[in-house]
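Reader: Could you walk me through this chain before I go back to the bench? I'd like to begin with its surface.

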Amino acid sequence: MNFYHCFGHAVTAWPSRTALYTGQRPHATFASLDTRARRLAAGLARLRLARGDRVAIMMGNRCEYTEIMLACWAAGLCIVPINAKLHPREFAFVIENSGAKACFTTSSLAADLAAGLSGSASRCELVCCDLPDYALLFAPEPMAVVDADFTDCAWLFYTSGTTGRPKGATITHRNLWFMSLGYIADAGPIDTRTHALMVAPQSHAAVLLLVAYLTRGAACVVPESGGFDPAEMIPLINRFGGARFFAAPTMVKRFVESPEIGTLEVPRLDTIVYGGGPMYVSDTRRALDTLGPRLWQIYGQGETPCTISYLSRELHAASDHPRFLERLASVGMARTGIALRVVDEEFRPLPPGEVGEIIVRGETVMRGYWDNPQASAQALHDGWLKTGDLGFLDREGLLTLKDRSKDLIISGGSNIYPREVEELLQSHPGVREVAVIGVPHAEWGEEPVAYVVMHDGHAPDATALEQVCLDNMARFKRPKRYVFVAELPKNNYGKILKTELRAWATQAGDTLA
Ligand code: AMP
């Protein structure tokens with residue numbers, strides 16, 4: 001069954017309600033969005049696109065993004081979302097590897113895209129949705145939604161490619177249906193009073209939750225700037241109410257610390273859905289103090305989009321529970337429909353408290369990697385997806401992540417989990433942000449190095465940070481060096497890029513003797 005129908009039900013139920021807003025301005029009703037999407041779907045034949053073909057989208061957030069996504073699904077095409085900030089070499093690889101025949105973009109990006117693709121064998125037609133040609137693509141009559149197979153690819157999501165080339169996680173219509181249904185089941189009531197703000201890049205998997213919102217008759221609001229700016233978001237939240245948005249942990253922090261936060265009418269904010277990277281307990285507590293229990297944590301990855309585990313609003317609220325802080329440090333319980341295990345290297349389930357690799361099974365798990373049977377065989381084992389994340393389960397069934405297996409530091413044969421060290425350093429009042437990585441060491445294999453951003457008005461003080469570690473943690477885990485920087489490298493939704501930090505360390509010749 002085509003994933004488009006997930007949205008189609010809402011069109012029948014609420015045809016004249018506004019489905020999309022640009023800022024405070026209504027952009028489309030459910031009925032007009034449906035008609036435009038299916039007229040565009042019919043027009044895509046002019047680009048010689050046929051069912052199963054891939055279509056890239058590379059642009060910032062805007063309402064047309066949603067229209068194009070829906071049109072592609074209606075026509076039985078597979079979407080390849082591309083982060084608008086990728087380097088030309090990177091987006092050219094994604095377009096070539098996916099075989100995308102067309103790419104929807106905006107005029108501000110088109111020249112770079114064309115230049116990036118000039119040396120490539122790919123014959124990808126560029127369409128700018130902010131130029132008159134776009135309107136010409138719309139056929140006079142909407143087409144009937146293609147009867148796609150559940151196993152057809154609907155979303156080809158390229159992972160960040162931290163080791164080697166990016167890989168395309170093949171997400172099917174079935175995966176998207178179960179992702180949406182699971183979100184509706186677990187994320188608390190979504191209804192016609194809900195307004196979802198699209199503030200994380202729409203190229204990120206979290207955009208897929210948009211369909212779950214539309215399914216329940218909720219409206220989606222794209223800020224005029226298309227980006228994440230608390231000064232712009234807060235008036236929108238106050239105006240619409242029932243507001244929800246997805247944010248990476250660094251964005252939650254920015255939101256809570258923004259100078260405008262005092263103007264937020266807190267009850268108008270329904271929920272911040274956060275995830276995509278670790279949120280430190282000190283930051284979660286600060287957000288809870290400011291916003292009340294309006295937080296819902298999500299743990300997922302491109303290979304099972306947005307769907308592995310969650311920490312509910314209730315658990316965020318239960319501050320009198322004896323294990324409140326441990327619970328906050330966890331990523332919560334398995335999502336509805338997801339089987340989750342922590343296993344050793346032989347795939348044997350480990351008892352509560354023991355750290356191993358997290359593996360998951362369920363209807364949201366990808367079909368495999370696009371055109372890469374070797375990587376698929378490595379990631380999928382007997383129906384289970386190996387997440388590459390390390391963690392442990394507790395007796396309540398709550399999962400705590402330690403780190404990505406590739407971020408784990410092994411020093412002198414002992415495991416150091418950077419997250420644990422970061423969590424501790426973050427508790428120092430002068431520390432704004434911190435990331436710990438392993439750098440090669442001649443004798444110990446690896447040694448931890450901390451990259452630290454201090455709050456304004458706090459001077460860098462490695463001795464004080466060293467003392468925090470010595471007072472609270474085994475000696476061998478403490479960073480052997482502190483590098484104070486103005487900013488940490490982040491991707492376009494605010495996730496700290498440890499690969500980049502490792503590259504900084506390599507460039508600086510950071511092999512500790
Ligand atoms: P991506 O596929 O780029 O979304 O990255 C997925 C990875 O981000 C996961 O495998 C985890 O390592 C990390 N991640 C996602 N959600 C969380 C979370 N709530 N807490 C900590 N790490 C997370």
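Author: The accessible surface of the chain comes to about 20900 Å², and 51% of that area belongs to carbon and sulfur atoms. Accessible areas here come from the Shrake-Rupley method with a 1.4 Å probe, and for residues only the protein chains shown count as cover. Please keep in mind that this is a predicted model, in which local features need pLDDT of at least 70 and side-chain atom pairs count only at pLDDT 80 or more, while totals for chains, interfaces and linings use all residues. Residues are numbered from 1 along each chain as its sequence is written, and side-chain values use heavy atoms, with hydrogens and water left out.

Reader: And how many of the residues count as buried?

Author: Of the 513 residues of the chain, 56% are buried, a word that stands for under 20% relative accessible area, with exposed meaning over 50% and partly exposed the range in between (1.4 Å probe, protein chains only).

Reader: What does the radius of gyration say about the overall shape?

Author: The chain has a radius of gyration of 23 Å, which agrees with the value near 24 Å that a compact globule of 513 residues would have. That radius is taken over C-alpha atoms, and the globule rule is 2.2 Å times the number of residues to the power 0.38. Along its principal axes, the C-alpha trace spans about 70 × 50 × 45 Å.

Reader: How many helices and strands are there?

Author: There are 17 helices and 25 strands, counted as DSSP runs (H or I of at least four residues for helices, E of at least two for strands) and numbered from the N terminus.

Reader: Pick one helix, then. Which residues of α4 are buried?

Author: In α4, which covers residues 88-98, the buried ones are F91, A92, F93, V94, I95 and S98. These buried residues pack against β3 (54-57), β4 (78-81), α5 (107-117) and β7 (153-158). The helix is followed by G99, whose phi is positive, near 70 degrees.

Reader: What does K101 touch, leaving aside its neighbours within four places in sequence?

Author: K101, in the loop between α4 and β5 (102-105), is in contact (heavy atoms within 4.5 Å) with R48, L49, D53, R54, R123, C124 and E125. The C-alpha atoms of K101 and A50 are separated by 9.9 Å, although these residues are 51 apart along the chain. K101 itself is partly exposed, at a relative accessible area of 36%.

Reader: Which residues other than glycine have a positive phi?

Author: F347 and D371 are among them: phi is near 70 degrees in F347 and about 55 degrees in D371. F347 lies in the loop between β16 (339-343) and β17 (356-361), whereas D371 lies in the loop between β17 and α14 (373-379).

Reader: Is D371 buried or exposed?

Author: D371 counts as exposed, at 64% relative accessibility, while F347 is partly exposed, with a relative accessible area of 23%.

Reader: Changing topic to cysteines: how many disulfides are there?

Author: The count comes to zero, where a disulfide is a pair of cysteine sulfur atoms within 2.5 Å.

Reader: Why is C63 not bonded to C220?

Author: The closest cysteine sulfur to that of C63 is the one in C220, and at 8.8 Å it is too far for a bond. C63 is buried, with a relative accessible area of 2%, and C469 is buried as well, at 1%.
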